[in-house]
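Here's a quick tour of the strands, a helix and the ligand surroundings in this one. Have a look at the structure first, then read on.

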Amino acid sequence: MNFESPPPQLIKNRERDDGERDSVRQIGATTGSHPRKFRQDDDDEKQRKGEVCAETVSLSRIEVSGFVFKKLDLHESYSLDEIVYRSRSGGLLDVQHDMTALKQFDGKYWRSLFDSRVGKTTWPYGSGVWSKKEWVLPEIDSDDIVSAFEGNSNLFWAERFGKKFLGMHDLWVKHCGISHTGSFKDLGMTVLVSQVNRLRKMNRPVVGVGCASTGDTSAALSAYCAAAGIPSIVFLPANRISIAQLVQPIANGAFVLSMDTDFDGCMKLIREVTAELPIYLANSLNSLRLEGQKTAAIEILQQFDWEVPDWVIVPGGNLGNIYAFYKGFQMCKELGLVDRIPRLVCAQAANANPLYLYYKSGWTEFNPVKANTTFASAIQIGDPVSIDRAVFALKNSNGIVEEATEEELMDTMALADSTGMFICPHTGVALAALMKLRERGVIGKTDRTVVVSTAHGLKFTQSKIDYHSKGIEGMACRYANQPVEVEADIGAVMSVLSQYLDKGSKS
Ligand SMILES: Cc1ncc(COP(=O)(O)O)c(C=O)c1O
């Protein structure tokens, strides 16, 4: 194997036998031919040439294992084709890749391979998740993949926000919410639903896929299931999610159960139901989703030309995502793409902060809390399923936990929006945490920092309306920008405009 020569994937846009070039291969792409046909041509050609490449070498022995987080768990492992969510002793499972097989290729090879797929539309590699297929689900047949070309999200240079409010020039916001269903959940759901698609084709008894949700998971689940023709069942806490979130599973044809309980109550019920019925559980307890979510971390490194940022701040609720980021970074380090990993910060709403309290206790005592209402409704979780995963990630990344009050998160969201973003309240939590860490000097002025934005602000317009109309009880809404009601008359318009311009020139 010659690692010096360019990876074969770099020789991409070659003419195919039929003289055509690779072009868009996506669900529903109307190219006049089977959208997935050309992947086969690629593989065949490489095999004909006898090239050794990650796409043709066996990277199998992927399995879920239960020994990672709690050393007490006896080592046990299962094939991904088995339906199992927890270890025998009730611990969390983790997908284990065959690192020996992956190490047949060095870091340079993987960097080049992943870079070669950016902007390509060859099925399924145009997806930010499936462009890392060998590290996600190497064995799945590309024809079984259900993808909406998720990932490849913008890493936004928050130049104005950073300079104006934090004295920072190297602040970035990873917009994971600019995605098919408007949140980072698409990254994991493409993997989970693809695997379910595979299981159903293998005639495994899976009648549908179910989840409890604070809104975004159900939106992603129902969209991907609808694309694959798989029934989806979602348990939602009534009146605790935004209308924009609720309408998504309804529109995508999910069976929606709206329940008079909170997320933790829905979670308990879905676990009981999936233990009784052949409904596949899609919550992040299921370690498959984290495999897709971890690709956002790899993408960040890639977007910095494989330079490692100093800090990555992730808003946390059920706490799967913070671990997914850790896993993505750690895998890049282990496989030689980078030589260190960033420090992770998990940001929680003060109204739902069990991880923060645990951290503050010096990791001595974990107690679930009763989560209070928060504008960051998707992280209103008092008993996070992935607590052990989060602690593992934070301890191994020299990480920290910070919290933000309702006023802090809403004010920060307004400030961020005033610099051209349109963030969700969860991203407000993460940015507010950053502000506090800057104030205390924990994060330095020149530290390269990435804040993970987890959902699209358009899903949470009501909270912005309430804020800007100063309609939140007990909150000053200091940065509210209220519309001016004015008569449709040129004199009246000129008068308010001149007042506005006058004020602007003095500030
Ligand atoms: C918008 C948004 N941000 C953050 C989170 C928290 O992610 P996790 O539950 O993995 O901590 C969620 C999860 O529901 C979410 O929907």
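## Strands, a helix and a ligand shell

Strand 6 (residues 208-212) runs parallel to strand 9, and three bridges join the two. Within that pairing, Gly-210 sits opposite Leu-281 of strand 9. Keep in mind that this is a predicted model.

Zoom out a bit and you'll find an open sheet of four strands, ordered 8-7-6-9 with parallel pairing. Strand 8 (255-259) and strand 9 (279-281) are the edges, each pairing on one side only. From one strand to the next, the twist averages 25°. Helix 9 (residues 263-276) lies across strands 6, 7, 8 and 9, running at about 150° to strand 6.

Further along the chain there's another parallel pair: strand 11 (residues 343-349) meets strand 12 over five bridges. Ala-349 has Ala-404 in strand 12 as its bridge partner. Strand 12 (residues 400-404) is mostly covered, with four of its five residues buried.

Now for the ligand. Which residues come nearest to it? Out of 18 around the ligand, they are Asn-318, Asn-321, Ala-378, Thr-454 and Ala-455. Helix 7 (216-228) and helix 12 (320-334) each contribute at least two residues to the shell. Here's how that shell splits by class:

| Class | Residues in the shell around the ligand |
|---|---|
| Nonpolar | six residues |
| Polar | eleven residues |
| Charged | one residue |

Methods. Residues are numbered from 1 along each chain as its sequence is written. This is a predicted model: local features need pLDDT of at least 70, side-chain atom pairs count only at pLDDT 80 or more; totals for chains, interfaces and linings use all residues. A residue is buried if 20 or more other C-beta atoms lie within 10 Å of its own, exposed if 12 or fewer, and partly exposed in between; C-beta atoms are placed from the backbone. Two strands pair if DSSP finds at least two bridges between them. A residue is near a molecule or strand if its C-beta atom, placed from the backbone, lies within 6 Å of it. Ala, Val, Leu, Ile, Met, Phe, Trp, Tyr, Cys and Pro count as nonpolar, Asp, Glu, Lys and Arg as charged, and the others, Gly among them, as polar. Axes are lines fitted to C-alpha atoms, for helices over the stretch in contact, and angles run from 0 to 180 degrees between N-to-C directions. Two residues are in contact if their C-beta atoms, placed from the backbone, lie within 7 Å.
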